[in-house]
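Work through the following exercises with the sequence and the model at hand. Each task is followed by a solution in steps.

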Amino acid sequence: MRLLLAEDDASLGADLQARLREHGYAVDWVRDGDEAAWLGAEKVHDLVVLDIGLPGKNGLSVLREWRDQGLDLPVLLLTARDAWFEKVEGFEAGADDYLAKPFHLEELVARLRALSRRVTEHPADLMQSNARLALDEDRQQALIEGRPVKLTGTEFRLLRYFVHHAGHVLSKSRLADHLYELDDDRDPNVIEAYVTRLRRKLGREWIETRRGQGYVFHRAPDGQS
């Protein structure tokens with residue numbers, strides 16, 4: 001999944017970008033509100049971590065602008081302020097969650113996972129270790145009938161995106177948009193190679209090819225749902 005991080009503190013931003021990458025996110029980091037507003041409007045991000053105190057447009061202004069444009073990006077606000085009325089202001093501006101600084105990275109990651117489950121069609125059964133196929137987010141691997149299957153970082157990001165959009169036809173270009181960061185070289189045809197690798201590791205039945213359209217991940221391949 002691709003995440004937009006808007007944080008003007010250079011030390012905190014660099015640390016968050018590095019550590020969120022370790023947790024399997026492609027992270028585009030920007031340091032001012034104007035660039036955040038522009039990138040968010042591109043509609044290629046699955047989650048946003050937005051600091052309120054950005055230079056240029058502040059975080060609340062950026063968030064109100066997105067909501068006025070009808071953008072439903074899931075947004076977690078970061079702020080150094082923690083008063084109740086400031087949280088209310090953030091939620092009324094359209095925030096989905098709110099986290100005060102300082103915070104532990106583990107709490108941020110847990111909130112992002114919960115947020116992504118709420119706003120996508122993530123099937124809860126694929127989170128359970130006794131499911132036929134389950135995601136192990138902590139180890140960034142898959143479980144096939146309880147058996148761990150090691151995945152590379154890109155394979156894990158691809159499988160996680162499939163799982164969050166089970167049943168949908170996903171084109172190669174859409175998958176590339178959500179797997180890679182802004183400055184990455186991206187070739188949609190590489191997606192085909194990663195799908196082939198996932199099929200070898202998980203079994204062919206999970207990912208259906210729709211010729212000329214893309215791929216469909218089936219949460220219950222026997223029932224094609």
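**Exercise 1.** Determine whether V88 is buried, partly exposed or exposed, and place V88 in its surroundings.

*Solution.* Step 1: the relative accessibility of V88 is 35%, and buried means under 20% relative accessible area, exposed over 50%, partly exposed in between (1.4 Å probe, protein chains only). V88 therefore counts as partly exposed. The model is predicted: local features need pLDDT of at least 70, side-chain atom pairs count only at pLDDT 80 or more, and totals for chains, interfaces and linings use all residues. Residues are numbered from 1 along each chain as its sequence is written, and side-chain values use heavy atoms, with hydrogens and water left out.

Step 2: V88 belongs to helix α4, residues 84-92. Helices (H or I, at least four residues) and strands (E, at least two) are DSSP runs, numbered from the N terminus.

Step 3: together with W84 and F85, V88 forms a nonpolar surface patch of about 360 Å² accessible area. Patch residues have over 30% relative accessible area and no salt bridge (a side-chain nitrogen of Lys or Arg within 4 Å of a carboxyl oxygen of Asp or Glu); like charges are joined within 9 Å, nonpolar side chains (Val, Leu, Ile, Met, Phe, Trp, Tyr) within 5 Å. Areas come from the Shrake-Rupley method with a 1.4 Å probe; for residues, only the protein chains shown count as cover.

**Exercise 2.** Identify the residues with the most contacts inside the largest nonpolar core, and the elements that build this core.

*Solution.* Step 1: a nonpolar core is a set of buried Ala, Val, Leu, Ile, Met, Phe, Trp, Tyr and Cys residues joined through side-chain atoms within 4.5 Å. The largest one holds 27 residues, and L159, F162 and L202 have the most contacts inside it.

Step 2: two or more residues each come from β6 (133-136), β7 (141-144), α6 (153-164), α7 (172-179), α8 (188-202) and β11 (214-217). Helix α6 contributes the most, six residues.

Step 3: beyond residues up to four places away in sequence, L159 touches L135, A142, L151, L198, L202 and F217, where contact means heavy atoms within 4.5 Å. Another core, of 21 residues, lies apart and includes V30, A36, V48 and L50.

**Exercise 3.** Describe R157: is this residue buried or exposed, and what does R157 contact?

*Solution.* Step 1: R157 is part of helix α6, and its 15% relative accessibility makes R157 buried.

Step 2: apart from neighbours within four places in sequence, R157 contacts M1, G24, Y25, A26 and L179. The C-alpha atoms of R157 and M1 are 6.0 Å apart, although 156 residues separate them along the chain.

**Exercise 4.** Compare Q140 and E145 in backbone geometry and accessibility.

*Solution.* Step 1: Q140 has a positive phi of about 50° without being a glycine; E145, also not a glycine, has a positive phi near 50°.

Step 2: Q140 sits in the loop between β6 and β7, whereas E145 occupies the loop between β7 and β8 (147-150).

Step 3: Q140 is buried, at 17% relative accessible area, but E145 is exposed, at 62%.

**Exercise 5.** Locate the cis peptide bond.

*Solution.* The bond joins K101 and P102, with omega about -5°. P102 lies in the loop between β5 (97-100) and α5 (105-119).
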